[in-house]
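Colleague: I should like a close look at one part of this model, namely its surface patches and, for contrast, some serine positions. Please give a connected account.

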Amino acid sequence: SLFTKAQKLEVKTRLYQNNQSISGALTLPNYRRKNQKVTLFTEIEKEQTDAFDSTTASVGTDIERFFTKRTKGRIGLHADFTRLEENEETDDLALLSVPIALEYDRRDSALDPRKGWAGAITVEPYWDAYETDTQFLRTIFAFSAYTSFEEITWRPTLALRTSFGAI
């Protein structure tokens, strides 16, 4: 919590043999209205594989708003700058995207769901700022469902999650 207004600053690092990254995110709750938050983020990532090496710098912002108790939406503006090195060739990308998401949540608890379901759809158009004829659309559907067996003494919960998408 920063400035005593429930802001959240998050810093993460990942240090694997073939992948290293550092990222940061600042979340501002109740931004300009109740039930709306803004997240500013950045990340630098380096990946080394047998097929290619890449270095990516990302920056962006998301605005998330609850429309009802169970429905929320998100819109953002993201920029990813990537340098790919493959077979002695170098390729630079500057992808700009505007992700739009809608989520509906019928779970009995967000932290420990025992019954219910949740679904989300994300649509994210991309444009390459360096090669303006390069455009594509990424779509992701996600669904999760929960049911508990209350008649069994230790009350196990069966959870199912599926997600699929297309570019």
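Modeller: Ser54 is a suitable starting point; in this predicted model the residue lies in strand β4, which spans residues 53–66. Its relative accessibility is 7%, and because buried means under 20%, Ser54 is classed as buried. Leaving aside residues up to four places away in sequence, Ser54 is in contact with Glu45, Lys46, Glu47, Thr82, Arg83 and Leu84.

Beyond this strand, Phe67 is placed in the loop between β4 and β5, the latter covering 71–86. Phe67 has a relative accessibility of 53%, and it therefore counts as exposed, the cut-off being over 50%. Together with Leu102, Ile121, Phe141 and Phe164, Phe67 makes a nonpolar surface patch of about 490 Å².

The account now turns to a charged patch. Glu86, Glu89, Asp91, Glu131 and Asp133 form a negative surface patch. Among them, Glu89 belongs to strand β6, residues 89–97. With 58% relative accessibility, Glu89 is likewise assigned to the exposed class.

A second serine completes the picture. Ser144 sits in strand β9, which runs over residues 135–148. Its relative accessibility is 10%, so Ser144 counts as buried. The contacts of Ser144, again without residues up to four places away in sequence, are Gly116, Trp117, Ala118, Leu160 and Arg161.

In summary, Ser54 is buried and Ser144 is buried, whereas Phe67 is exposed and Glu89 is exposed.

Technical notes. Residues are numbered from 1 along each chain as its sequence is written. This is a predicted model: local features need pLDDT of at least 70, side-chain atom pairs count only at pLDDT 80 or more; totals for chains, interfaces and linings use all residues. Side-chain values use heavy atoms; hydrogens and water are left out. Patches are made of residues with over 30% relative accessible area and no salt bridge: like charges are joined within 9 Å, nonpolar side chains (Val, Leu, Ile, Met, Phe, Trp, Tyr) within 5 Å. Accessible areas come from the Shrake-Rupley method with a 1.4 Å probe; for residues, only the protein chains shown count as cover. A salt bridge is a side-chain nitrogen of Lys or Arg within 4 Å of a carboxyl oxygen of Asp or Glu. Lys and Arg count as positive and Asp and Glu as negative; His and the chain ends are not counted. The place of a charge is taken as NZ of Lys, CZ of Arg, CG of Asp or CD of Glu. Helices (H or I, at least four residues) and strands (E, at least two) are DSSP runs, numbered from the N terminus. Buried means under 20% relative accessible area, exposed over 50%, partly exposed in between (1.4 Å probe, protein chains only). Contact means heavy atoms within 4.5 Å.
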